[in-house]
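Here are some notes to go with the structure, written for someone who is new to reading sheets and strands. Keep the picture open while you read and find each piece as it comes up.

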Amino acid sequence: MTDAKVSGTAVRADDDYPWDRTALRSELATVSQEPGATKPQPILAVDNVVRSFGGVTAVDVAHLEVQRGAITALIGPNGAGKTTFFNLITGFDKPSSAKPRFGGGNGPFATWRFQGRSLGATSAFRVAQTGMVRTFQLTKALSAMTVMDNMLLGAKDQPGEHILTALFRPRWKKREAEIRAKAEELLVRFKLDAKKDDYAGSLSGGQRKLLEMARALMSDPAMIMLDEPMAGVNPALTQSLLGHIQDLRDRGTTVLFVEHDMHMVRHISDWVVVMAEGKIVAEGPPDTVMQHQAVVDAYLGSHHDQDLGDDSVLDEDFEQAKAQEDAERGERTAAEPDGEKA
Ligand SMILES: Nc1ncnc2c1ncn2[C@@H]1O[C@H](COP(=O)(O)OP(=O)(O)OP(=O)(O)O)[C@@H](O)[C@H]1O
Ligand SMILES: [Mg+2]
């Protein structure tokens, strides 16, 4: 799909959707703002995904389409079912509405298609192989492993793990070198290269989020799903994370992310999907979606009164924010010499 897989920076050949952000947004502006609206080029289409825990229905999505090449925000009050939805779609959990393996049951059954491929009964590992990867609300970077080893774990096909290819060592060695080069490149991009031999456990919360994102990119995903990538990240690093997410989209990766902070949502999303009590209740462009009555109702008593603050801080130049972040990181390292394992 990419013409230079290893670099991770290649532009896809099959670019049948608008790369230009303005063009993409004007195309999305023609989309109906009804829940489950049809998109011009959906990369993911979900039907009848229901998940109940005991008597509580956590997720009940009748239909949802995610536009290829866009940044889509999935928002909704606490407990709306966003994380459960991510778990279901990526194979970490199974819908209650899954079609029974040996027949029977009452439909409609859960189905979802990613890049035209049906993923209903696919394990998390295989889902990732099809090009849909996700990060977790609570970071899952392995603390007792180095940053580099965390990255290497993210690679899609490590031939060394396969008994037959392991016999052909020269080929295996070449691939391993490619994987390592790619990890190095991503660590530079996410400014974690100086930390590559440190234990992931020594990173700050924000750096761990960056590591998770970088690791997810090791497999050249077509779509990345980020569950609260900004949570617990200090403001300086937030700027950088936002820049990285926009950068992903600009390189052709579809992004679906969960976020509570409406600043972030408005600042970077091309489209917003609102979930409440397991259902999609509204969809629309970020500047108008919050005006839907269903959204106001969903947020009443929860996030409705949240501080929407000053958006201008988010319009700072990305480079300037990165420079500030570097300076602060320098101070932090100087202040915490134990953090550095040379
Ligand atoms: N393993 C589980 N067992 C029982 N109930 C669960 C389980 N996982 C989630 N739930 C319930 O499902 C509902 C949806 O939870 P979920 O974590 O998906 O919400 P969320 O939208 O991600 O919330 P938040 O914004 O707080 O992260 C909640 O009522 C939650 O208590
Ligand atoms: Mg959640």
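The points below go through the two sheets and the helices that pack on them.

1. Before anything else, remember that you are looking at a predicted model. As general background, the strands of a sheet pair through backbone hydrogen bonds, and they can do that in a parallel or an antiparallel way.

2. Start with the open sheet of 4 strands. Read across it and the order is 2-1-4-5, with antiparallel pairing. Strand 2 (56-67) and strand 5 (117-118) sit at the edges with a single partner strand each, so one side of each has no neighbour in the sheet.

3. A helix packs on this sheet too. Helix 2 (residues 82-89) touches strand 1 (42-53), strand 2 and strand 4, and its direction makes about 65° with that of strand 2.

4. Now zoom in on strand 4. On one side, 4 bridges join strand 4 to strand 1, and the two run antiparallel. You can find aspartate 47 opposite threonine 111 of strand 4.

5. On its other pairing, strand 4 (residues 111-114) meets strand 5 over 2 bridges, again in the antiparallel sense. Look for arginine 113 standing opposite serine 118 in strand 5, and for phenylalanine 114, whose bridge partner in strand 5 is arginine 117. These two strands form a hairpin with 2 residues between them, and there glutamine 115 takes a positive phi near 50°.

6. Which side chains of strand 4 point to the buried face? Trp112 and Phe114 do: they point to one face and are buried, while Thr111 and Arg113 point to the other and are not. It's a nice alternation to trace by eye along the strand.

7. Next, the open sheet of 6 strands. Here the order is 6-7-8-3-9-10, and the pairing is mixed. Strand 6 (132-134) and strand 10 (279-284) are the edge strands, each pairing on one side only. Going from one strand to the next, the twist averages 20°.

8. For a parallel pair, try strand 3 (residues 71-75) and strand 8 (residues 254-258), which are joined by 4 bridges. A good place to check is isoleucine 71, which stands opposite valine 255 in strand 8.

9. This sheet has a helix packed on it as well. Helix 8 (residues 235-250) touches strand 3, strand 7 (223-227) and strand 8, and its direction makes about 150° with that of strand 8.

Key
Residues numbered from 1 in each chain as written. Chains lettered and ligands numbered in written order. Predicted model: local features only at pLDDT ≥ 70, side-chain atom pairs only at ≥ 80, totals over all residues. Pairing = 2+ DSSP bridges. Contact = placed C-beta atoms within 7 Å. Axes fitted to C-alpha atoms, helices over the stretch in contact; angles between N-to-C directions. Buried ≥ 20, exposed ≤ 12 C-beta atoms within 10 Å, placed from the backbone.
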